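This briefing covers the ligand surroundings and the empty spaces of one protein model. Please look at the structure first.

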Amino acid sequence: MAPNAVAVSAPGKVLLAGGYLVLDRAYTGLVFGLDARIHVIVQDIATRNGVTLNEIIVTSPQFQDAVWEYGYRLTERDGGIQVTPLRVDATLKLNRNVFVETALGYTLTYIASITTPNVTPASITILADNDYYSTPTSLSAKSGAAPRFHNLGVPISKANKTGLGSSAALVTAFTAALLTYYLPKETIDLSTDSGKRKLHNLAQASHCAAQGKVGSGFDIASAVYGSCLYKRFSPDILSHHVEPGQPKFASQLRHIVDETDEADRWDTEIRKDEVKLPKGLRLVMCDVSCGSQTPGMVKQVLAWRKENADEANAIWQDLQNANDSLAKELRALAESDTRQSYEHLKQGFARIRELIRRMSERSGVPIEPSSQTELIDACEAIPGVVGGVVPGAGGYDAISLLVEDNETTLNELAKLLSGWTFKSEASGQPGDGRVSMLDVREEMVGVRAEDATSYQG
Ligand SMILES: Nc1ncnc2c1ncn2[C@@H]1O[C@H](COP(=O)(O)OP(=O)(O)O)[C@@H](O)[C@H]1O
Ligand SMILES: C[C@@](O)(CCOP(=O)(O)OP(=O)(O)O)CC(=O)O
């Protein structure tokens, strides 16, 4: 590890309540960070045969073919720093990673817009905690302690994601690591509110650009701030700037990140104090590996809402009230010294599920399909399980549970899940999916500086 190495990590996410609603500024999302993190280490590039490479090399050593090399140059007319993917070998097809490439271009451009840049060559390593991907059977069968970061042995596109929000955690940790590496602490300090706010704005901008759409951004918000109640930004903030490399891109990006004028101010609302988890309870995430996620669910739900505004708005408002009550009850229990019953929490989950099912039925989109209803019902029947939901956009991907944090409950749950055969109506083939409990739980802390030497070996 080079002596100037810096390391930063950012957490994954689960939108426990507020899926679809959070796309609209009139509503909020209850988002928990998860303790599966993506880590990014930046250091001096090692010389090859005495020759210093004038480029930035990014590697993700857990995957096959995961090396991306970039040249970079300052463009004319305030277009920012343009990064150009280089071929690792002239005979190979250009291997691209749009999230890495975009975050690199945006971050270097921002750095160049606020300082006279001294962008030295660098080597960047990405490491993802194991729960971002389903463990291949070949690895789970191996005896002995699992390595801290599995080598998945496949290209990233072939790895089985568990839906914890890898691209948002990656873009956030990657952006934060570059800012820390190239800028002095007096210019940006990510442990302060103003540093976090700039990181948030920059990471939202490049994540949206890489995704090719402006989503609600709850995943970047939780990667930066950890668990929070989230109200999205107005999409307008990110829809007026020119493309990277075009004249004035650099100044436009600086205005967006630094909020230089009142008119540039982000209207995002992040309320950290309003999200608490009572002592003795924890979140459990279950991955449903039946691979039949319905594409375009967001589009379909929003199209239905547009056509049926009155009915939809009534459901949206009822859900917002139910989500607020759940967050409030969690806070009340967390702040009380005397142990209270979980009855209100149970009712809260039941009400949210009822409304999500109504949303599902009315829009014709399988947000809580009947196979998920069966699974959550079975989990909720276990003593110690307080309640469950389909998180985020729902569908067949995952379920989230709030449970009492004790061995008996977790063992009972593991027993139920290991024998569960998931029936996916979507594929029409009963019995084609398994459910596994991920080794993750809620995480209150967002982006975090790490000790770079801890990744050695
Ligand atoms: N560990 C990683 N190393 C390198 N790139 C990664 C890693 N994890 C995620 N990415 C980037 O993010 C993309 C996945 O993003 P996406 O499909 O939006 O999934 P998610 O829902 O997990 O964010 C990958 O194709 C890759 O570009
Ligand atoms: C529908 C949504 O409100 C929530 C989607 O949450 P998920 O956690 O399902 O998202 P992905 O990680 O992108 O699959 C869309 C949004 O808020 O952008």
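The notes below go through the two ligand sites, then a pocket, then the enclosed cavities.

The model is predicted. Two ligands are described, each with the residues around it and its polar contacts. The second largest pocket lies between domain 1 (6–272 + 451–455) and domain 2 (281–443), because both give residues to its lining. The count of cavities of 30 Å³ or more comes to two.

**Ligand 1**

- The shell around ligand 1 holds 14 residues, and Ser60, Asn97, Lys161, Ser166 and Ser167 come nearest.
- Three side chains place a polar atom by an oxygen atom of ligand 1: Asn97 at 2.6 Å, Lys161 at 2.7 Å and Ser166 at 2.6 Å.
- On its own, ligand 1 has 570 Å² of accessible area, and the protein covers 77% of this.
- Two or more residues of the shell come from each of β6 (122–128) and α3 (166–182).
- The element that gives the most to this shell is α3, with three residues.
- Sorted by class, the shell around ligand 1 has eight nonpolar, five polar and one charged residues.

**Ligand 2**

- Around ligand 2 are Lys13, Leu15, Gly19, Tyr20, Val22, Leu23, Ser216, Phe218, Val298, Gly392 and Ala393.
- Two side chains have an N or O atom by an oxygen atom of ligand 2: that of Lys13 at 2.7 Å and that of Ser216 at 2.6 Å.
- Tyr20 makes its contact through the backbone, where a polar atom is 2.9 Å from an oxygen atom of ligand 2.
- Ligand 2 exposes 460 Å² when taken alone, of which the protein buries 71%.
- The classes in this shell are seven nonpolar, three polar and one charged residues.
- Domain 1 (6–272 + 451–455) and domain 2 (281–443) each give at least three residues to the shell around ligand 2.

**Second largest pocket**

- The space in the second largest pocket is about 600 Å³.
- Its lining is made up of 26 residues; Ser134, Thr135, Ser436, Met437 and Leu438 lie nearest the centre.
- Elements with two or more residues in this lining are α2 (137–140), β9 (281–289), α11 (407–418) and β13 (429–437).
- The lining of the second largest pocket has 12 nonpolar, nine polar and five charged residues.

**Largest cavity**

- What is the volume of the largest cavity? The value is about 90 Å³.
- The lining of the largest cavity has 16 residues, with Ala17, Gly18, Gly19, Ile356 and Gly392 closest to its centre.
- Among the residues named there, Gly19 and Gly392 are also found around ligand 2.
- At least two lining residues come from each of β1 (6–17), α8 (309–335) and α9 (343–363).
- The lining of the largest cavity has 12 nonpolar residues, four polar residues and no charged residues.
- At least three residues of this lining come from each of domain 1 (6–272 + 451–455) and domain 2 (281–443).

**Second largest cavity**

- About 30 Å³ of space is enclosed in the second largest cavity.
- Gln62, Ala128, Asp129, Asn130, Tyr133, His150 and Leu152 line the second largest cavity.
- By class, this lining splits into three nonpolar, three polar and one charged residues.

Methods
Residues are numbered from 1 along each chain as its sequence is written. Chains are lettered from A and ligands numbered from 1 in the order in which they are written. This is a predicted model: local features need pLDDT of at least 70, side-chain atom pairs count only at pLDDT 80 or more; totals for chains, interfaces and linings use all residues. Side-chain values use heavy atoms; hydrogens and water are left out. On a 1 Å grid over the protein atoms alone, a cavity is a set of points where a 1.4 Å probe fits but cannot get out, and a pocket is an open set with protein on both sides within 12 Å along at least five of seven lines; lining residues have an atom within 4 Å of a point. Grid points are joined across faces, edges and corners, and a volume is the space filled by probe spheres set on the points. Helices (H or I, at least four residues) and strands (E, at least two) are DSSP runs, numbered from the N terminus. Ala, Val, Leu, Ile, Met, Phe, Trp, Tyr, Cys and Pro count as nonpolar, Asp, Glu, Lys and Arg as charged, and the others, Gly among them, as polar. Domain bounds come from an automatic or database domain assignment. A residue is near a molecule or strand if one of its heavy atoms lies within 4 Å of it. A polar contact is a pair of N or O atoms within 3.5 Å; within protein, one must be able to donate a hydrogen and the other to accept it, and residues adjacent in sequence count only if both atoms are side-chain atoms. Accessible areas come from the Shrake-Rupley method with a 1.4 Å probe; for residues, only the protein chains shown count as cover.
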